[in-house]
Amino acid sequence: MIPCARRIPLAALLAAAGLLLLAALAAGPPAYAVVDEAAVIDGPSSDIVALDGVAMAADGTGGAVYRRRVDGKVHIFASRFTGGAWQPPQQVDRGQRYASSWPAIGAAPDGRLVVVWVQEYGGGTQDRMYSAAVGPGATSFQDPIPFDLNVGDGSDISPSLAMNVSGQALLTYRVITNRDLTAQGVPGGYVKEEIRLARFD
């Protein structure tokens, strides 16, 4: 059998070409990404423990949160990104005497940020969750506010924070309430835990 070419009407070809042209025009000009040069937020310093998170809003504002030692204790610091530049870092857990851990950050337009973290409670087993926020037009974070006064020993919290365009945020985190279940006949290595939800408005 010999294949033969199928005739396509000229009107159909012109219509198909017109559709392709319309699709190309609707796509608009190509978008280009610009990566600025690296900027130093803090340091270099051996006191910086870790970068814990970065959050950016749709308008290009945002911030970064990290841990840094001050007088031998680990504290929470954040740097705001606004006006296309990183601002000087601020200690978010200011006024707190003990070590902090598990920071997370969320961002909304107009420079709004919220940071959460765990603050040790004098080495006991009733550590606490705190938050601090910075609103539109503000240049510094508010004082720390406690919102969960007992998160156990504060380990394995693993916070997950999301903030929407109106500045409302949801936080989920894990609290271990019992690490030794052997008296209940449970093999070693298992724990009793809660998944908690907090809302920032």
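Two strands count as paired if DSSP finds at least two bridges between them. In this predicted model, that rule yields an open sheet of three strands, ordered β10-β11-β12 with antiparallel pairing. β10 and β12 (192-200) are the edge strands, each pairing on one side only. From one strand to the next, the twist averages 20 degrees.

Look next at the pairing of β11 with β12. These two strands run antiparallel and share nine bridges. Within the pairing, Thr-172 faces Leu-197 of β12.

Now turn to the nonpolar interior. Nonpolar side chains in soluble globular proteins tend to be buried together. Here the largest nonpolar core holds 16 residues. Met-129, Val-151, Ile-157, Leu-161, Leu-171 and Tyr-173 have the most contacts inside it. At least two core residues come from each of β6 (100-108), β7 (112-119), β8 (128-134), β10 (160-163) and β11 (169-178). β11 gives the largest share, four residues. Apart from this core lies another, of 15 residues. Ile-105, Ala-107, Leu-113 and Tyr-130 are among its members.

Tyr-173 deserves a look of its own. Beyond residues up to four places away in sequence, Tyr-173 touches Met-129, Phe-147, Asp-148, Val-151, Ile-157, Ser-158 and Pro-159. Its contacts also include Glu-194, Ile-195, Arg-196 and Ala-198.

Finish at strand β8, where Ser-131 lies. Ser-131 counts as buried because its relative accessible area is 9%, and the cut-off is under 20%. Neighbours within four places in sequence aside, Ser-131 contacts Val-115, Val-116 and Trp-117. Asp-143, Pro-144, Ile-145 and Phe-147 also contact Ser-131.

Conventions. Residues numbered from 1 in each chain as written. Predicted model: local features only at pLDDT ≥ 70, side-chain atom pairs only at ≥ 80, totals over all residues. Heavy atoms only, no water. Core = buried A, V, L, I, M, F, W, Y, C linked by side-chain atoms within 4.5 Å. Buried < 20%, exposed > 50% of the residue type's maximum accessible area, 1.4 Å probe, protein only. Contact = heavy atoms within 4.5 Å. Axes fitted to C-alpha atoms, helices over the stretch in contact; angles between N-to-C directions.
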